[in-house]
Amino acid sequence: MTDTGRYEAAWAARRQRYGLYYALLAALLAITVGTLAAPDRLPVAPIGVIVFAIAGMLGATRWFYRFRCPRCGEVFWSQWAQKPRITESGPQACEHCGLKGDEIPGEAP
Ligand SMILES: [Zn+2]
């Protein structure tokens with residue numbers, strides 16, 4: 001695999017995790033709102049779906065903690081707890097080498 005392909009794969013995987021995270025968050029909110037709005041029509045709370053959504057979000061968050069910079073190989077952003085950036089578009093640059101998210105070195109921005 002070329003260097004460019006390696007970077008593209010890393011950033012694509014990162015975007016997919018964000019997509020997964022927000023899809024699960026949306027599902028969780030929809031279930032919560034739906035249950036509150038029509039408790040009679042949803043007599044059984046879809047506990048399994050809720051547990052799955054929360055577990056999936058935790059899994060995605062854990063993956064972000066361990067996401068490694070495709071250039072320097074260090075953890076891209078290790079300070080989620082201090083600066084929970086997951087509600088934004090995520091960390092903008094590697095805290096070790098300064099590589100920007102979605103940047104592919106050697107290509108024009
Ligand atoms: Zn780096």
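# A walk from helix H2 outward

Start by selecting Ala53, Ala60 and Phe64: these are the buried residues of H2. Buried here means 20 or more other C-beta atoms within 10 Å of the residue's own, exposed means 12 or fewer, and partly exposed covers what lies in between, with C-beta atoms placed from the backbone. Look down the axis of H2 and the buried residues fall within an arc of 40°, so they line one face of the helix. That arc is taken over the directions from the helix axis to the C-beta atoms.

Before going on, bear in mind that this is a predicted model: local features need pLDDT of at least 70 and side-chain atom pairs count only at pLDDT 80 or more, while totals for chains, interfaces and linings use all residues. Residue numbers run from 1 along each chain as its sequence is written.

**Stop 1: the other side of H2.** Now pick Ile47, Gly48, Val51, Ala55, Leu58, Arg62 and Arg66, which are exposed on the other side of H2. For a quick check of the helix geometry, put a distance on its ends: at 1.5 Å a residue, the 20 residues of H2 should span 28 Å, and the end C-alpha atoms are 29 Å apart, which agrees. The expected span is 1.5 Å times one less than the number of residues in the helix.

**Stop 2: helix H1.** What covers the buried face of H2? Part of the cover over the buried residues of H2 is H1. Select Tyr7, Tyr21 and Leu24, which are buried in H1. The buried residues of H1 pack against H2. Run the end-to-end check again: the 35 residues of H1 should span 51 Å at 1.5 Å a residue, and its end C-alpha atoms are 51 Å apart, which agrees.

**Stop 3: the core.** Show Tyr21, Leu24, Ala53, Ala60 and Phe64 together, and you have the largest nonpolar core, with five residues. Helix H1 (3–37) and helix H2 (47–66) are the elements that give two or more residues to this core. H2 gives the most, with three residues. A nonpolar core is a set of buried Ala, Val, Leu, Ile, Met, Phe, Trp, Tyr and Cys residues joined through C-beta atoms within 7 Å. As background, nonpolar side chains tend to be buried together in soluble globular proteins.

Centre on Ala60 next: leaving out residues up to four places away in sequence, Ala60 touches Arg17, Leu20 and Tyr21. Contact here means that the two C-beta atoms, placed from the backbone, lie within 7 Å. Then slide over to Ala26 in helix H1. Ala26 counts as exposed because it has 11 C-beta neighbours inside 10 Å. Its C-alpha atom is separated by 9.3 Å from that of Ala53, 27 residues apart along the chain.

**Stop 4: the segment after H2.** Select Phe76, found in the segment after H2. Is Phe76 buried or exposed? Phe76 is buried, with 25 other C-beta atoms within 10 Å. Add Cys94 to the selection: the C-alpha atoms of Phe76 and Cys94 are separated by 4.7 Å, with their positions 18 residues apart along the chain.

Cys97 is in the segment after H2 as well. With 13 C-beta neighbours inside 10 Å, Cys97 counts as partly exposed. Its contacts, neighbours within four places in sequence aside, are Cys69, Arg71 and Cys72. For Cys97 and Arg71, 26 residues apart along the chain, the C-alpha separation is 7.9 Å.

Last pick here is Asp102, in the segment after H2. Check its backbone: phi is near 70°, a positive value in a residue other than glycine. Most residues other than glycine have a negative phi. Asp102 counts as partly exposed, with 16 C-beta neighbours inside 10 Å.

**Stop 5: zoom out.** Over the protein chain, the secondary structure comes to two helices and zero strands. Helices (H or I, at least four residues) and strands (E, at least two) are DSSP runs, numbered from the N terminus. Buried residues make up 11% of the 109 residues. Of the contacts with a separation of 6 or more, 51% are between residues 24 or more positions apart.
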